[in-house]
Amino acid sequence: MNISKVKDFFLSTDTLIVIVVVLAFLLRIMFLAYNPVRGWDETVYLNLGHQLSITPMDYSLSHSGWSDFIPSSDMVYGWPNIGFRAPLLPYILALLYRLRLDSLIDFLMPAVGALSVFFLYVLGKNMFNKKVGLCSAVLLSIIPIHVLYSSQVLTDAFATFFIIVTFISFWQGYEVGERKHKLLFGLFFALALLARYTTLWIAPVFLIYFIIRDRSFKFIKDKYLWFSILIFFVVLSPLFFYSLHTYSNALGAFIHGFKASTYWGGVQSATFFIENAWSIVSIVGLLFMFSIGYMVFRKDFLNRNTYLSIIWFCVFFILASSVPHKEERFILPLIPAVCLLSGYVMTKISGQFNAVFVIFLCLLTISQIKTHYTNLQNTCFLQASDFLSASTSRDSVVVTNQSPISYYYTSRANVALKFNDDAEYFGYLSNSAYKNHSIYILFTNLDMDKDSEIKKYLDNNFNKSFECSKNWSYSTVYKYR
């Protein structure tokens with residue numbers, strides 16, 4: 001056996017990227033074990049996907065048996081319309097349910113996350129070189145925010161995948177000159193928008209890049225760009241028709257998305273993403289800041305590949321920081337740009353994958369595990385859901401403040417638990433459409449204090465059918481009728 005050839009094989013870029021992608025997938029699978037209770041948004045998409053597998057043309061909650069807590073006072077941009085949720089992920093889930101492949105749903109987002117790692121390698125290789133592509137892929141494979149949210153059924157990492165593919169087509173089409181990719185650019189950008197509406201924030205990146213590159217508007221003379229724009233609107237046309245039918249406005253779904261962002265979550269400061277940078281990107285944040293300084297010093301930012309990535313980062317960061325409500329996951333679509341720029345500088349200062357680089361990756365991984373693997377879960381909520389599933393009839397109704405989560409785990413129709421005017425509210429239940437149904441009340445401390453006033457009211461007025469208290473988690477089921 002030729003030891004030198006074996007060494008060259010395992011150290012070749014093609015072999016290493018396969019190893020990185022496989023490890024990225026396994027790392028995301030590991031996170032599933034640390035997330036036994038799916039969150040609100042996850043169960044919304046899962047419930048909606050299951051519902052669409054039965055009634056694919058009814059993209060609403062009119063016959064759902066659960067709620068997304070959409071304000072009902074607005075007759076157009078309120079319940080039961082749910083167009084503010086981008087439709088691509090729910091329909092993919094619907095397809096899996098329809099084909100009886102729902103057992104694969106747990107692996108869907110980890111697979112999308114691992115594919116994102118591979119396609120970032122392709123993007124880095126095309127824009128820079130193989131070493132930059134590989135280094136960028138390694139960073140994305142273990143960056144905390146991407147690992148965490150590509151193990152959950154949410155639209156953030158899902159849309160990020162399509163954004164990466166969009167940039168591949170953009171570069172290959174409008175820099176390399178491949179006509180096929182010029183057309184695919186419109187297709188993938190439309191899919192990214194159908195995956196998550198805030199992908200629209202990426203649109204100015206391409207316009208700014210064209211203007212800086214050409215120092216004019218001559219790019220508008222490219223007929224393939226107009227063909228690509230046409231494809232973009234054709235792919236989006238079902239959403240426009242849906243919006244016209246549902247909201248009497250072709251842009252109704254996007255408008256609803258904007259309105260929905262004001263429904264919940266409060267307002268965070270403009271520096272939210274900076275304040276939470278460590279939990280979002282860990283050590284990569286320091287590397288990224290160093291990389292920006294390095295490129296300014298070396299004037300590398302004048303190169304097309306670097307200033308495209310910089311524009312990508314700056315535009316999305318500014319827009320994401322400008323909206324009132326912010327969550328860490330909202331910043332995911334700019335993370336590939338962070339990895340590209342950091343990977344580029346890493347290859348400049350290290351020259352090759354040496355021991356220093358390996359140590360850096362180990363430290364990053366340890367930091368990520370320490371930050372995110374200490375996630376305690378409400379096991380009592382799962383036990384309460386099991387009790388409701390096993391001890392109640394299919395036509396029973398659950399009163400809860402965790403509507404989509406409760407429905408996902410119990411398959412029981414539910415109504416929202418009110419926090420005020422309790423006596424009046426429960427009196428309403430006795431005279432409503434649910435008056436002939438068995439009614440149970442589920443209290444859980446997923447987002448309510450165990451010592452809250454609503455809990456005291458329930459204890460004083462209803463009999464407990466089930467109670468669980470383990471560590472910090474707590475859940476109780478009361479029999480209303």
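Visitor: Which residues form the nonpolar patch on the surface, and about how much accessible area do they have together?
Guide: Happy to start there, keeping in mind that this is a predicted model. The patch is built from L207, I211, F217, I220, W226, I229 and F233. Taken together, these residues have an accessible area of about 650 Å².

Visitor: Which element gives the largest share of the nonpolar patch?
Guide: Two elements give two or more residues each, namely α10 (203-214) and α11 (223-247). The largest share is 3 residues, and the helix that provides it is α11.

Visitor: Is I211 buried, partly exposed or exposed?
Guide: You will find I211 in helix α10, and it is one of the patch residues. Buried would call for under 20% relative accessible area, and exposed for over 50%. The value for I211 is 30%, so this residue is partly exposed.

Visitor: Let's go inside. Which helix gives the most to the largest nonpolar core?
Guide: That core has 119 residues, and F167, W312 and I335 touch the most other members. The helix that gives the most, with 13 residues, is α8 (residues 155-174).

Visitor: How many residues are in the other core that lies apart from it?
Guide: This separate core includes V397, F443, M448 and Y480. Nonpolar side chains tend to be buried together in soluble globular proteins. The count for this other core is 14 residues.

Visitor: Where is D68 found, and is it buried or exposed?
Guide: D68 sits in the loop between α3 (40-54) and α4 (88-98). A residue counts as buried when its relative accessible area is under 20%. D68 has just 1%, so it is buried.

Visitor: Which side chains make polar contacts with the side chain of D68?
Guide: Leaving out residues up to four places away in sequence, D68 touches W40, V44, L61, I82, F84, R85 and W264. Among these, a polar contact of 2.8 Å links its side chain to that of W40. Another, of 3.0 Å, joins the side chain of D68 to that of R85. The names you want are therefore W40 and R85.

Visitor: And for the whole chain, what percentage of the residues is buried?
Guide: The chain has 22 helices and 5 strands. Its accessible surface comes to about 22200 Å², with 64% belonging to carbon and sulfur atoms. Of the 481 residues, the buried ones make up 53%.

Visitor: Among contacts between residues at least 6 apart in sequence, what percentage joins residues at least 24 apart?
Guide: One example of a residue with many partners along the chain is W312, which touches L123, I163 and I202, among others. For the chain, the share of these contacts that joins residues at least 24 apart is 73%.

Terms used:
Residues numbered from 1 in each chain as written. Predicted model: local features only at pLDDT ≥ 70, side-chain atom pairs only at ≥ 80, totals over all residues. Heavy atoms only, no water. Helix = DSSP H or I, 4+ residues; strand = E, 2+ residues; numbered from the N terminus. Buried < 20%, exposed > 50% of the residue type's maximum accessible area, 1.4 Å probe, protein only. Polar contact = N/O pair within 3.5 Å; in protein donor to acceptor, adjacent residues only side chain to side chain. Contact = heavy atoms within 4.5 Å. Core = buried A, V, L, I, M, F, W, Y, C linked by side-chain atoms within 4.5 Å. Patch = residues over 30% accessible without salt bridge, like charges linked within 9 Å, V, L, I, M, F, W, Y side chains within 5 Å. Areas by Shrake-Rupley, 256 points an atom, 1.4 Å probe, with all protein chains shown as cover. Salt bridge = Lys/Arg side-chain N within 4 Å of Asp/Glu carboxyl O.
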